[in-house]
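User: I am new to this structure and would be grateful for a close look at a single part of it. Please describe where the chosen residue sits and what surrounds it, and then set other places beside it.

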Amino acid sequence: MIEHPHEVVTKAIVRLVQVPGVAKKAALITLDNGFDHTKPNSFGPAGLASLDAAITAASEADPAFIAVTGKPYIFCVGADITGIPYLTSREQAIELGELGHRVFARLKNSTIPTFAFINGAALGGGLEVALHCHYRTVSGGAAALGLPEVAIGLVPGWGGSQLLPNLIGVPGAAQVILQNPLTQKVLRPKQALELGVADQLFEPADFLERSLEWAAGVVGGDVTVERPEIDRDMWEGVLFFAKQQLDEKLHGAVPSANAALSLLALAKDASFEDGTAAETEALADLIMGDESRASLYAFDLVQRRAKRPVGVPDKSLARKVTKVGVVGAGLMASQLALLFARRLQVPVVLTDLDQTRVDKGVQYVHDQIDKLVAKRRLDEGTAARLRGLVSGSVDKSVFADADFVIEAVFENLDLKKQIWAELEKIVTPEAILATNTSSLSVTEMAADLEHPSRVVGFHFFNPVAVLPLLEIIKGEQTDDATLATAFAVGKELKKSSVLVKDAPAFVVNRLLTRVTSEIFQAIDAGTPLDVVNEAMDPLGLPMRPIALLQLVGPAVAYHVGETLHRAFPDRFAESANLKKIVDAGLPVMVDDEINPEVAALVAGGSAPLTSDQVRQKALDALAEEIRIMLDEGVVAEAQDIDLCMILGAGYPFHLGGVTPYLDRSGTSERVTGKRFLPRGVASLPA
């Protein structure tokens, strides 16, 4: 018997509604867990039982049609994944899959017409219950639609893998089931309509009334729903191409993606019953696998821990920010200016050494605003206001009334200290001074100031608009008011902030540089570039090491490596070959391939390693460095390490970030003598 002792039950409430155009009343089933939109509807065992009972009650009323809708802003976001840890056997997982299939199939097999009125977010099992209905309308205000299961180590397990390709075709289904989850995308209502997921779109203001009228038209024969014939000749070709892309991106490392691909292939010719039975088996296998537990652990970090950072002072201490200053007008500084203006809606002023640089920085911001207008992500009125908020000057006196000043200049400690020394004479004593340093000491930066307590690290990740992580670094003198303000600003910027101790390179850059150090030690020993580049493939990381080096820039990587070598010479080695690459000024990648000139430049060494050896040395180094960082108190817990690596470095959910993988592979205990997480956290119970 499957049980979820803490299930927030989504009740299915039936009411009969008189609709013009049909003689009989319609049965409207509303999904509602009794909370507002911040706690979405979901299906656990009790919720499925409630829907089952509601379908029975609706059918017995002999209505003109049955329609399912949700509470305000939310249709249903799928299975209640908080119950998965309570599934301790494969039999229980099978039972949960079969229960969902049995209840949802009643809507598909109903002799009474069934409709889904998708009034809000519909994800996973929520979209699947809608797909079982004969017809679907969607509200233009629905925030997100999709089948995101693959991203959390699962597959659509309640009919989605079989229904969707046979409704909209396999290209669209592959996008929704594979591509979107792996790129963290969802469907918007208009896209759902264009793909054929929904039959009709109505505006939010009168969505329910219009949907009921439309359904009455369908039942009465006044409205004809036409759906295109599915092209089955291209089925195998589309999936072959999808598999090639998966192999190229993930290298077979994500079991859920491979399982979803197999289910999509089955959907072409299998009966619905055989296809859904295969879904149940695949779902059970994945639920009882460590990858899904790690994925759910990662999902919980991103959804919960990221919104409640650990160690933050009381928010009542935060100061109000009414103007922001940005020191520098280069690409990073300009990105920051745009972000602060958009999110805080306050004046933002950039400064730089000469007017040409300042003008270029301000123009970049204006150009980006124009692009947002062109993409219809901003209206012209809002865009005009944002343009008016951003200005530039070569005179730092413009910072005199700024409450928050952030510098984004070259990574040189003396330069940054000089900037703060100049600014301290201009800004008010309460103004926060934030540094976007990626590796330098915040404490040293503030050491010579009269008020070092108001200096804080504010480390963004590039591209600023895309990556959600913000490492907030507390210097030795940083006071609680400064820290509280920094976290309040981070929240307004819609970033996920993590409190980090002032330690060399902080979290993400320190760990990535440790891996880079191991990679280049292998190169220095004579390991070919293509071997080290493919060494991490079994982990399914977002980028291979050499491609990551290209993105970061060899000069930046070398600079951060130098910083860490000075701090920890026993663990971060200097690489003569990395220095060669920097001095040569050559791109390490050309047309997505390793530059042969760079490969020739670093060739040599008498003790090359195999790909497996390179990977294990990198993993061992990660385990060692994480243990040292936790012992040093760089962050509060291993969960913060994982959150940083997921949000700042794109480490995948199926790894759980990094520590769950190190635990389950045995690396943690072999290298450090103990696990990072208790057994049963991000893995199957012992």
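Analyst: The following account begins with leucine 601 and then turns to leucine 551 and lysine 268. The model is predicted.

Leucine 601 is found in helix H23, which covers residues 596–601. Its relative accessibility is 29%, so leucine 601 counts as partly exposed, because that class lies between the buried limit of under 20% and the exposed limit of over 50%. When neighbours within four places in sequence are left aside, leucine 601 is in contact with Asn577, Lys580, Ile581 and Ala584. For one of these residues, alanine 584, the separation is also given: 17 residues in sequence, and 9.0 Å in space from C-alpha to C-alpha.

A second leucine may be set beside this one. Leucine 551 belongs to helix H20, residues 545–552. With a relative accessibility of 59%, leucine 551 counts as exposed. Leucine 551 also takes part in a nonpolar patch on the surface, together with Met543, Val552 and Val556. The accessible area of these residues together is about 340 Å².

Lysine 268 offers a view of a loop. This residue lies between helix H9 (255–266) and helix H10 (272–287). Not counting residues up to four places away in sequence, lysine 268 touches Arg232, Trp235 and Glu236. With glutamate 236 there is a polar contact, formed between the two side chains at 3.2 Å.

Methods. Residues are numbered from 1 along each chain as its sequence is written. This is a predicted model: local features need pLDDT of at least 70, side-chain atom pairs count only at pLDDT 80 or more; totals for chains, interfaces and linings use all residues. Side-chain values use heavy atoms; hydrogens and water are left out. Helices (H or I, at least four residues) and strands (E, at least two) are DSSP runs, numbered from the N terminus. A polar contact is a pair of N or O atoms within 3.5 Å; within protein, one must be able to donate a hydrogen and the other to accept it, and residues adjacent in sequence count only if both atoms are side-chain atoms. Contact means heavy atoms within 4.5 Å. Buried means under 20% relative accessible area, exposed over 50%, partly exposed in between (1.4 Å probe, protein chains only). Patches are made of residues with over 30% relative accessible area and no salt bridge: like charges are joined within 9 Å, nonpolar side chains (Val, Leu, Ile, Met, Phe, Trp, Tyr) within 5 Å. Accessible areas come from the Shrake-Rupley method with a 1.4 Å probe; for residues, only the protein chains shown count as cover. A salt bridge is a side-chain nitrogen of Lys or Arg within 4 Å of a carboxyl oxygen of Asp or Glu.
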